[in-house]
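Let's walk through this model together, moving from one helix contact outward to the rest of the chain. Keep the 3D view open as you read.

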Amino acid sequence: MKYSLLFLLFICFASTSVMAKGPTADTVKTGVYITSIHDINFKDKEYTIDLWLWLKYENRKFDFLQNLEVPQAKTVTKSFSTIDSSGNKVYMLMKLQCVMKDSWAINNFPFDRQKLRFSIENSQFDSQSLVFVADTLGKHFDPRFTLRGWNIDSLNISTGIKAYETAFGDESLKKPHTEYSNFKVRLQINRDAMGLFWKMFLGMYVAFLIAYMCFYIHTDSIDSRFGLSVGALFAVIGNKYIIDSTLPESTTFTLVDTLHGMTLFFILTVIICTSYSLRLVKQEKIARAKKFDFISAQVLLVIYLSLNAWFIYNANG
């Protein structure tokens, strides 16, 4: 009798605990297969992704065809969808093309590494009713497709809970806080940058070499030396404006800013050295002016090349 009473008390306690926890959220097994990533637009901070998305679930109230939410998408186009509800579970497969908005890390451009993010939610059911579970079987992108100019480092899929500090107008909620389950894809890519680097910075380096050649022009041709240096200065400034026009605005000092700023400084140093050499010529110290030009040329070239190699190595490391 004593053991029976204890058993009944245990059953009541367990039942009370289960009721306190509330109903269990229905799970949606979700997977993706990316077929293409293209139109990466640095200026507008967006890219286009084509993928297959499939969802498996038991709750037939889930209408992902109408309530699929892609939070970071600028546009979502469903080119194909099919639903199989003949069994105990609903199987939905759809082909999506999404223009995604994202932020870019351009500090080391063009030796940059980017993280592309894609996520989905259901706009009708919160995390108390719907929870995503990742389908990790198989590959998640076509290994044969090439992202032109980029390499794919890794692709990770995961699920989580996204909190919104709002009730979306629901007055029944005690505080403005709602949570939705989400399915996330993180794709890390890096750029094949050397070809792009030389296309972008070749003009800058040629401008510096033009200014540098002033050291080997006879000291009597002061006008030519000043003219070449000033022309090179404006050429570097023009090259920087062309590159900046293709990049989003940034409040940090990027590799592009560093290399152009350093080149402008060294061209200015060439002009200063030319002015000092002119002063020596005016004092009829021709031999000393030639020696000064020779030493300045070697020192500036070594320092300039060393600094360039250092900054590029750190950005590419």
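On the α3 side of the contact between α3 and α6 you will find Phe197, Met204, Tyr205, Phe208 and Tyr212, and these meet Ala297, Gln298, Leu301, Tyr304, Asn308 and Ile312 of α6. Sorted by character, the residues of this contact are nine nonpolar and two polar, with no charged ones. Bear in mind as you look around that this is a predicted model.

How do the two helices lie against each other? Two packed helices are described by the angle between their axes and the distance between those axes. Here, helix α3 covers residues 194-212 and helix α6 covers residues 286-316; their axes come within 12 Å and cross at roughly 165 degrees. An angle over 145 degrees counts as roughly antiparallel, and α3 and α6 are therefore roughly antiparallel to each other. The crossing of α3 and α6 is right-handed.

Now zoom in on the rings. The structure holds 24 aromatic pairs. One of them joins Phe208 and Tyr304, a stacked pair with 3.8 Å from centre to centre and 20 degrees between the planes. Because Phe208 lies in helix α3 and Tyr304 in helix α6, this pair ties together parts that are 96 residues apart in sequence. Are these two residues buried or exposed? The cut-off for buried is under 20% relative accessible area. Phe208 has a relative accessibility of 2%, so Phe208 counts as buried; Tyr304, at 1%, counts as buried too.

Both rings also belong to a wider group. One aromatic cluster is formed by Phe111, Phe197, Trp198, Phe201, Tyr205, Phe208, Tyr212, Phe215, Tyr216, Phe265, Phe266 and Tyr304. If you select these residues in your viewer, you will find Phe197, Tyr205, Phe208, Tyr212 and Tyr304 again, which you have already met in the contact of α3 with α6.

Helix α6 has another partner to look at. Helix α5, residues 255-282, packs with α6 at an angle of about 175 degrees, and the axes are 10 Å apart. That angle makes α5 roughly antiparallel to α6. The residues of the contact of α5 with α6 divide into 19 nonpolar, six polar and two charged.

Next, turn to the strands. Val32 has its place in strand β1, which covers residues 26-41. With a relative accessible area of 0%, Val32 is buried. Which residues does Val32 touch, leaving aside those up to four places away in sequence? They are Leu51, Trp52, Leu53, Trp54, Lys139, His140, Ile157, Phe183 and Val185. Take Trp54 from that list: Val32 and Trp54 are 22 residues apart along the chain, and their C-alpha atoms are separated by 6.5 Å.

Glu165 offers another setting, in the loop between β8 (150-164) and β9 (178-191). At 61% relative accessibility, Glu165 counts as exposed. Not counting residues up to four places away in sequence, Glu165 touches Pro176 and His177. The C-alpha atoms of Glu165 and His177 are separated by 4.4 Å, with their positions 12 residues apart along the chain.

Finally, step back to the whole protein chain. The chain has six helices and nine strands. Of its 317 residues, 38% are buried. Among contacts between residues at least 6 apart in sequence, 72% join residues at least 24 apart.

Conventions
Residues are numbered from 1 along each chain as its sequence is written. This is a predicted model: local features need pLDDT of at least 70, side-chain atom pairs count only at pLDDT 80 or more; totals for chains, interfaces and linings use all residues. Side-chain values use heavy atoms; hydrogens and water are left out. Axes are lines fitted to C-alpha atoms, for helices over the stretch in contact, and angles run from 0 to 180 degrees between N-to-C directions. Helices (H or I, at least four residues) and strands (E, at least two) are DSSP runs, numbered from the N terminus. Angles under 35 degrees count as roughly parallel, over 145 as roughly antiparallel, 65 to 115 as roughly perpendicular and the rest as oblique. A crossing is left-handed if the near helix is turned anticlockwise from the far one by less than a right angle, and right-handed if clockwise. Contact means heavy atoms within 4.5 Å. Ala, Val, Leu, Ile, Met, Phe, Trp, Tyr, Cys and Pro count as nonpolar, Asp, Glu, Lys and Arg as charged, and the others, Gly among them, as polar. Rings of Phe, Tyr and Trp (its six-membered ring) pair if their centres lie within 6.5 Å; planes under 30 degrees apart count as stacked, over 60 as edge-to-face and the rest as tilted. Buried means under 20% relative accessible area, exposed over 50%, partly exposed in between (1.4 Å probe, protein chains only).
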